[in-house]
Every structure is written in structure tokens, then in C-alpha cells.
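Want to get to know a new fold by working through it yourself? Grab a pencil, try each task, and then check the solution below it.

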Amino acid sequence: MARHTLIQLCGYLAFLNLFVSEKKYPIVPMFVIDHISKPFSKDNSKAIGAVFEEFFKICDKENVQVIMFDDCSASDLGIDNIDETNLVERNKTGFNPFYSAH
């Protein structure tokens with residue numbers, strides 16, 4: 001199942017890059033995914049980070065917004081140099097559509 005998830009992730013990101021790079025369509029360059037690490041073991045979950053690192057080389061981080069909801073931290077997934085916000089706290093469940101950093 002992990003291999004299937006990686007193939008889907010690559011396809012979604014390639015499609016998003018196509019839309020962003022062509023600049024023909026009025027889109028919001030955003031990719032949102034929930035619990036992508038679920039089918040992965042702890043040892044092979046870093047493959048997700050490898051895919052995103054390559055994606056960010058092709059499509060600059062400033063050109064696209066990636067929102068990921070997951071139980072794992074970004075470092076567990078092998079994703080470095082990003083802004084990570086943990087929405088789970090003592091008084092929050094993790095889902096907060098009106099989250100504000102200030």
C-alpha cells in the first residue's frame with residue numbers, strides 16, 4: 001500500500017506542478033493531504049520527504065502551499081526546512097479551521 005501511496009503522491013504533485021508552471025488557469029496553488037504516513041512503516045516513511053524534496057526543487061516552495069495533517073512530525077517523514085505547526089495541544093483537538101498564529 002505504501003508504494004501505491006507514493007505513486008499517487010507523485011501523480012498529484014506532477015499535476016499540480018503542470019498547472020502552476022503553465023500559468024494558463026486561475027488556480028490556488030495548494031496541496032492538502034491527510035494522514036499520508038498511515039500505510040508506511042516508521043523505517044520507510046522518509047520516502048514521503050524524498051518526494052516532497054524533489055517536488056520543491058521543481059516547483060519552488062514560494063509558489064505552492066502544502067498542508068499536511070498527520071500524526072508524524074515533518075522530521076519523521078524526512079521533510080526538512082519547512083514551517084511546521086502542531087495544532088494538537090491540551091485544549092485543541094488538532095482540527096481548528098480558524099487557527100491563527102497570533
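The exercises below start with the whole chain and then move on to its parts; keep in mind that this is a predicted model.

**Exercise 1: The overall layout**

Work out how many helices and strands the chain has, and in which pattern they follow along the sequence.

Solution.
- Start with the count: there are two helices and four strands.
- Next, read along the sequence, and the pattern comes out as α-β-α-β-β-β.
- Now look at burial: of the 102 residues, 27% count as buried.
- Then take the contacts between residues at least 6 apart in sequence: 65% of them join residues at least 24 apart.
- Finally, the surface: the chain exposes about 7700 Å², and carbon and sulfur atoms supply 54% of that.

**Exercise 2: The sides of α1**

Find which residues of α1 are buried, and explain how they are arranged around the helix axis.

Solution.
- First, the length: α1 has 21 residues and spans 30 Å from its first C-alpha to its last, close to the 30 Å expected at 1.5 Å a residue.
- Second, pick out the buried residues of α1, which are Ala2, Thr5, Leu6, Leu9, Leu13, Leu16, Asn17 and Val20.
- Third, look down the axis of α1: those buried residues fall within an arc of 105°, so they line one face of the helix.
- Fourth, turn to the face pointing away from that buried side, where you'll find the exposed residues Arg3 and Ile7.
- Fifth, ask what does the covering: β1 and α2 are among the elements over the buried residues of α1.
- Last, step off the end of the helix: α1 is followed by Lys23, which has a positive phi near 50°.

**Exercise 3: Two polar residues in α1**

Decide whether Thr5 and Asn17 are buried or exposed, and list what each one touches beyond its close sequence neighbours.

Solution.
- Take Thr5 first: its relative accessibility is 14%, and the cut-off for buried is under 20%, so Thr5 counts as buried.
- Leave aside neighbours within four places in sequence, and Thr5 is in contact with Ile36, Pro39 and Phe40.
- Asn17 is also in helix α1, and with a relative accessible area of 18% Asn17 is buried.
- With residues up to four places away left out again, Asn17 touches Phe55, Ile58 and Cys59.

**Exercise 4: The sides of α2**

Sort out which residues of α2 are buried and which sit exposed on the other side.

Solution.
- Begin with the size: α2 runs over residues 46-58, has 13 residues and reaches 19 Å from first C-alpha to last, close to the 18 Å expected at 1.5 Å a residue.
- The buried set in α2 is Ile48, Gly49, Val51, Phe52, Phe55 and Phe56.
- These cover an arc of only 160° around the axis, which puts them on the same side of α2.
- On the other side of α2, Lys57 and Ile58 are exposed.
- The cover over the buried residues of α2 includes α1 (2-22), β1 (30-34) and β2 (65-69).

**Exercise 5: Strands β1 and β2**

Describe how the side chains of β1 point, and then how β1 pairs with β2.

Solution.
- Here's the general idea: in a regular strand, side chains alternate between the two faces of the sheet.
- Apply that to β1: Phe31 and Ile33 point to one face and are buried, while Met30, Val32 and Asp34 point to the other and are not.
- For the pairing, β1 and β2 run parallel and are joined by five bridges.
- Check who faces whom: Val32 stands opposite Ile67 in β2, and Ile33 stands opposite Met68 in β2.
- Put the helix back in, and β1, α2 and β2 make a right-handed β-α-β unit.

**Exercise 6: Two loop residues**

Locate Ser41 and Asn86, and say how exposed each one is.

Solution.
- Ser41 is in the loop between β1 and α2, and at 38% relative accessibility Ser41 counts as partly exposed.
- Although 39 residues separate Ser41 from Ala2 in sequence, their C-alpha atoms are 8.5 Å apart in space.
- Asn86 lies in the loop between β2 and β3 (88-89), and at 56% relative accessibility Asn86 counts as exposed.
- Asn86 and Phe69 are 17 residues apart in sequence and 9.4 Å apart in space, C-alpha to C-alpha.

Terms used:
Residues numbered from 1 in each chain as written. Predicted model: local features only at pLDDT ≥ 70, side-chain atom pairs only at ≥ 80, totals over all residues. Heavy atoms only, no water. Expected span 1.5 Å × (residues − 1). Buried < 20%, exposed > 50% of the residue type's maximum accessible area, 1.4 Å probe, protein only. Arc of directions from axis to C-beta. Contact = heavy atoms within 4.5 Å. Pairing = 2+ DSSP bridges. Right-handed = clockwise from strand over helix to strand, strands pointing away. Areas by Shrake-Rupley, 256 points an atom, 1.4 Å probe, with all protein chains shown as cover.
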